[in-house]
Amino acid sequence: MNHRSPRERWGAVARFLHWAMAVLILGQLALGWFAGELDSSPEKIQWMTGHKSLGITILALAVLRVAWRLLHGRPTEPPGIPAWSVWASRASHAALYGLMLYLPLTGWLTASTARLPWDLWWWFEWPRLAAPDPALHEVAEDLHEIGVWLLVAVLLVHVAAGLWHHFVRQDRVLARMWSDS
Amino acid sequence: MAALFAASAASADTWRSLADQSTLEFIPSYEDTPLPSRFGRFEVRLDFDPDRPAEGRLAVTVWVASADMQDAQLNAEIQAPGWFGVSLHPEARFESTDITRRGDEFVAAGTLSLKGVRREVRVPFRWQADQDGARMQGALELDRSDFGIGDGEWAADQPIAHAVGVRFDIQLEASD
C-alpha cells in the first residue's frame, strides 16, 4: 500500500495521525483542566501522572507527525479557495504543529523543575529537562498555560474552518481528511 | 595554670550555632525517593564539655515555617494544618535531659516538641572542637505519624513514607 499522499488526498497514515491525535489532544485538554483544578491529594498526583504521561505520548506522536508531514507533504488546495482562506489555513496549521510540540515541551519543563519525580505511565521514571528550580518552574508553568489558551483558540478556528469547508463551501477539504475516497 | 586552661576555647562550656555555617536537613521520601530539604532558620544552644558530657545540655529551636523543599508548591503545602501546621505550631524544640558518650560519639537524650506533640528522642552526634570553634554532626530518623504530620489522606506509608530522616551539621562558636 502506498502511504504517500497523492496530489489530492491525504494518505492513511496522515489521516490516522490526525484523528488519533485529535482525540488524544482533546482528552488531554480536559484532563489537564480537571487535574489542575483538584486540591492537593494522593489522587491528584495520580491524575497528574496520567496527564504528564499522555503529554509525552502526544509529543512522540507529534514528532512522528511532523516528520511524516515533512517527508510526504500535503495535498493541494481544491480549486477556487480564496487567498485569505489559504493564508488562514497555512497559519493555523503551522500554529497547530507548533503547539503540539510547544505544549508537551513546556509541560515537560514544568514537571522537570518541580521537586517530585514521576513515572511515565507508572512504569519508569521520566527524565528531567532541567533540575528542580522554583523560579524556572513558575516561568515554565506560565508558558504552558499560555499555550493552552492559544491551542483552544486555534482549535476553534480549525474546527470552524473544517465545518465551513464542508457545509458552506461544500468542497472536499474535510471529506478527504475523513476518508480516502 | 588553671586560668590558662579555663581560657582555652577547646574547653569552653557554652556554645551557640552559627546560622550561615550550619545546616539542618529533613529528608522525607516520596515513593521511596529521598527528597533532602532544609530548615532555613534554627538555633542550637549547647552547654557541653566532652570530658563531662553528663553535665551538658542541648537546646534546639527550629522555626518550622522556614522549611524549604526547593519547590514553591510543596513549601506552601507543608505549612498547612495537615502537615506542619505552622500557624498553630511555629516552633519545634528539642531539650536534652541527658548526654552520654557512646564510643566515638555522644548521644543527647531528650524531648522533642513538634506540632504540639512531645516525644522522647535520642540525638547522636559527633563532636570536634578547636580554638576556632566546634562542630557537631549527626543524623536520626523520626516517624512523622508520631507527630500527626501528613494526616488524613496522607497518613499511609505511601506515597510519603512515615520515616523521615533528620541530618545536621552545626558550626558553633563559644558564647556566654
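# Helix packing in chain A: exercises with worked solutions

The crossing of H1(A) and H4(A) is left-handed, and the exercises below treat this contact and others in what is a predicted model.

**Exercise 1.** Describe how helix H1 of chain A packs on H4(A), giving the angle, the distance between the axes and the residues that meet.

*Solution.* Start with the geometry: H1(A), which covers residues 12-37, packs against H4(A) at an angle of about 135°, and the two axes are 12 Å apart. That angle makes H1(A) oblique to H4(A). Turning next to the residues, H1(A) contributes His18(A), Ile25(A), Leu26(A) and Leu29(A), which meet Val148(A), Leu151(A), Val152(A), Leu155(A) and His158(A) of H4(A). Sorted by class, the residues of this contact are seven nonpolar and two polar, with no charged residue.

**Exercise 2.** Determine how H3(A) and H4(A) are oriented to each other, and state the classes of the residues in their contact.

*Solution.* The first step is to read the angle, which is about 150° for H3(A) and helix H4 (residues 134-168) of chain A, with 8 Å between their axes. Angles over 145 degrees count as roughly antiparallel, and H3(A) and H4(A) are therefore roughly antiparallel to each other. The second step concerns handedness, and here H3(A) passes H4(A) in a left-handed crossing. As for composition, the contact of H3(A) with H4(A) holds 15 nonpolar, 11 polar and one charged residues.

**Exercise 3.** Characterise the contact between H2(A) and H3(A) by its geometry, its handedness and its residues.

*Solution.* Helix H2 (residues 42-72) and helix H3 (residues 83-112), both of chain A, have axes that come within 9 Å and cross at roughly 145°. The crossing of this pair is left-handed. On the side of H2(A), the contact is made by Lys52(A), Gly55(A), Ile56(A), Leu59(A), Ala62(A), Val63(A), Arg65(A), Val66(A) and Arg69(A), while H3(A) supplies Tyr97(A), Met100(A), Leu101(A), Pro104(A), Leu105(A), Trp108(A) and Ala111(A). Divided by class, the residues of the contact of H2(A) with H3(A) are 12 nonpolar, one polar and three charged.

**Exercise 4.** Compare the spans of H2(A) and H3(A) with the values expected at 1.5 Å a residue, and locate the bend in H3(A).

*Solution.* For H2(A), the 31 residues should span 45 Å at 1.5 Å a residue, and the end C-alpha atoms are indeed 45 Å apart, so that the two values agree. For H3(A), the 30 residues reach 43 Å from the first C-alpha to the last, which is close to the expected 44 Å. H3(A) nevertheless has a bend of about 25°, located at Leu99(A).

**Exercise 5.** Set these helices in the layout of chain A, and then identify the backbone features at Gly73(A), Trp121(A) and Pro159(B).

*Solution.* Chain A contains five helices and two strands, and along the sequence these follow the pattern α-α-α-β-β-α-α. The C-alpha trace of chain A spans about 55 × 35 × 25 Å along its principal axes. Just after H2(A), Gly73(A) adopts a positive phi of about 65°. Trp121(A), although not a glycine, also has a positive phi, of about 50°, and this residue lies in the loop between strand E1 (119-120) and strand E2 (124-125) of chain A. In chain B, the feature to identify is the peptide bond from Gln158(B) to Pro159(B), which is cis with omega near 0°; Pro159(B) lies in the loop between strand E12 (133-143) and strand E13 (163-174) of chain B.

Note on methods. Residues are numbered from 1 along each chain as its sequence is written. Chains are lettered from A and ligands numbered from 1 in the order in which they are written. This is a predicted model: local features need pLDDT of at least 70, side-chain atom pairs count only at pLDDT 80 or more; totals for chains, interfaces and linings use all residues. Side-chain values use heavy atoms; hydrogens and water are left out. Axes are lines fitted to C-alpha atoms, for helices over the stretch in contact, and angles run from 0 to 180 degrees between N-to-C directions. Helices (H or I, at least four residues) and strands (E, at least two) are DSSP runs, numbered from the N terminus. A crossing is left-handed if the near helix is turned anticlockwise from the far one by less than a right angle, and right-handed if clockwise. Contact means heavy atoms within 4.5 Å. Ala, Val, Leu, Ile, Met, Phe, Trp, Tyr, Cys and Pro count as nonpolar, Asp, Glu, Lys and Arg as charged, and the others, Gly among them, as polar. Angles under 35 degrees count as roughly parallel, over 145 as roughly antiparallel, 65 to 115 as roughly perpendicular and the rest as oblique. The expected span of a helix is 1.5 Å times one less than its number of residues. The bend at a residue is the angle between axes fitted to the seven residues ending there and the seven starting there.
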